[in-house]
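Visitor: I'd like to go through this one and ask how each label was earned. Could you walk me through it?

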Amino acid sequence: MIIVMSSNASQEAIDRVQAEIERMGSKPHLSRGKFRTVIGAVGEEGKVDESHLASLDGVEKVVPIMKPYKLASREFHEDDSIVEVGGGRSIFGVDVPKVLVGGNHAACFAGPCAVESEKMLNTIARHVRDGGATVLRGGAFKPRTSPYSFQGHGEEALKWMRECGDRLGMPICTEVMDTRQVELIEKYTDVFQIGARNMQNFDLLREVGKTRKAVLLKRGLAATVKDWLLSAEYVLSQGNRSLILCERGIKTFEDSIRYTLDITSIPVARQWSHLPIIVDPSHAAGKRDWVSSLALAGMAAGAHGIIVEVHYNPAEAQCDGPQALLPEMFRELMGQLRQIAVITRKEFAEAGELASV
Ligand code: PEP
Ligand code: MN
């Protein structure tokens, strides 16, 4: 349930409500909106005495949240959440720029599918940064359908990603596949990417929820929007509020494309949840010819940006070559996305100054 505080409630009253929720064995979660503070009492049902909370000083009303997900719901936080990506200092002592995602802030995450070598990463990163991306993506640990396919360069690739991001003034985003990798990846990354196949790896969700790094949660191949928001709830319930949803296509009967990008999920998720949402047109399309159209459609439907794969020599890519945009295609797409952003009242940040490292 949520406890809506009156607009003039004192800090003392807010503290008291939180303490009472804890005393009843539940967890309080604070949400400060433009006009008032809302406190979520989340935990097992039936533990919290509603009428007692309603009688406390400064409480306007106590409302049950009907949706199965609570902290992810619009009821809990009525304004769009704005997630901060980056900021702080990297493991190599470099100041990482902060990129905002959500509300009227749109962002573009771009880079290779997998980090194949330091040289290819640096070349692609330079292309995407010059083309308008503000966050660098790249897989160091790859979830592959076949155990015999290239699995990623692991920690070495994380180092290349961090150094490259630091040099170009870009926060970085990389996939974490297993709870055992969280500690290592946390040292390097700004965003933990949770892949579609891991959307319901609940232990992994809890583990990244304990960190304070942003999380990009891809929608599972066969997950409903409700399942997806319940997975987001796992992360939020651990105290990590920096979560970005990512629609990347679902399995349908259609076999002309790799997955069907579910454009509908964007307005649905935005109505049900305050969390920012971006689209991944690359994995849905599976083929570069269709990537830009899907990106534009996602943006027009209300997404807060995209995550897209780019390669200068896709024929030799070790992973997902056919869907990688060529650098010039990416640049053109960014120009078009900026135009759609105007209509949907969003703005893509410009890349920052190049760091002198
Ligand atoms: C990826 O981003 O390279 C990836 C494997 O994505 P997904 O989990 O959506 O398939
Ligand atoms: Mn990929």
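Here is a chat about the helix, the metal site, the cysteines and the core.

Guide: One thing before we start: this is a predicted model.

Visitor: Fine. What makes you say that the length of helix α3 agrees with its residue count?

Guide: Helix α3 covers residues 118–131, which is 14 residues. At 1.5 Å a residue they should span 20 Å, and the end C-alpha atoms are 20 Å apart, so the two values agree.

Visitor: And how do you know which residues of α3 line one face?

Guide: Start with the buried ones: Met120, Leu121, Ile124, Ala125, Val128, Arg129 and Gly131. Looking down the axis of α3, these fall within an arc of 155°, so they line one face of the helix. An α-helix has 3.6 residues a turn, so residues three or four places apart point the same way.

Visitor: What covers those buried residues of α3?

Guide: The cover includes β7 (105–111), β8 (135–137), α4 (155–168) and α11 (327–343). Just after α3, by the way, glycine 132 takes a positive phi of about 120°.

Visitor: On to the metal. What makes Cys113, His283, Glu309 and Asp320 donors of the manganese ion (ligand 2)?

Guide: A donor atom has to be within 2.8 Å of this metal. Cys113 (SG), His283 (NE2), Glu309 (OE) and Asp320 (OD) coordinate the manganese ion at 2.0 to 2.4 Å, so they pass. Along the chain, the donors follow the spacing C-x169-H-x25-E-x10-D.

Visitor: Why say that histidine 283 and aspartate 320 tie parts together?

Guide: Histidine 283 lies in helix α9 (residues 281–285), while aspartate 320 is in the loop between β14 (305–309) and α11, so the pair links parts that are 37 residues apart in sequence. Both histidine 283 and aspartate 320 are buried.

Visitor: Why is the disulfide count what it is?

Guide: The count is zero. A disulfide needs two cysteine sulfurs within 2.5 Å. For cysteine 108, the closest cysteine sulfur is in cysteine 173, 11 Å away, so that is too far for a bond. Cysteine 164 also has cysteine 173 as its closest, at 14 Å, so that fails too.

Visitor: Why are cysteine 108 and cysteine 164 called buried?

Guide: Buried means under 20% relative accessible area. Cysteine 108 is at 0%, and cysteine 164 is at 0% too, so both qualify.

Visitor: Last one: what makes Leu245 stand out in the largest nonpolar core?

Guide: That core has 73 residues, and Leu245 and Phe330 touch the most other members. Leaving out residues up to four places away in sequence, leucine 245 touches residues including Leu216, Trp228, Ala269 and Ile278.

Notes. Residues numbered from 1 in each chain as written. Chains lettered and ligands numbered in written order. Predicted model: local features only at pLDDT ≥ 70, side-chain atom pairs only at ≥ 80, totals over all residues. Heavy atoms only, no water. Core = buried A, V, L, I, M, F, W, Y, C linked by side-chain atoms within 4.5 Å. Buried < 20%, exposed > 50% of the residue type's maximum accessible area, 1.4 Å probe, protein only. Contact = heavy atoms within 4.5 Å. Helix = DSSP H or I, 4+ residues; strand = E, 2+ residues; numbered from the N terminus. Expected span 1.5 Å × (residues − 1). Arc of directions from axis to C-beta. Donors = N, O, S within 2.8 Å, 3.2 Å for Na, K, Ca; no water.
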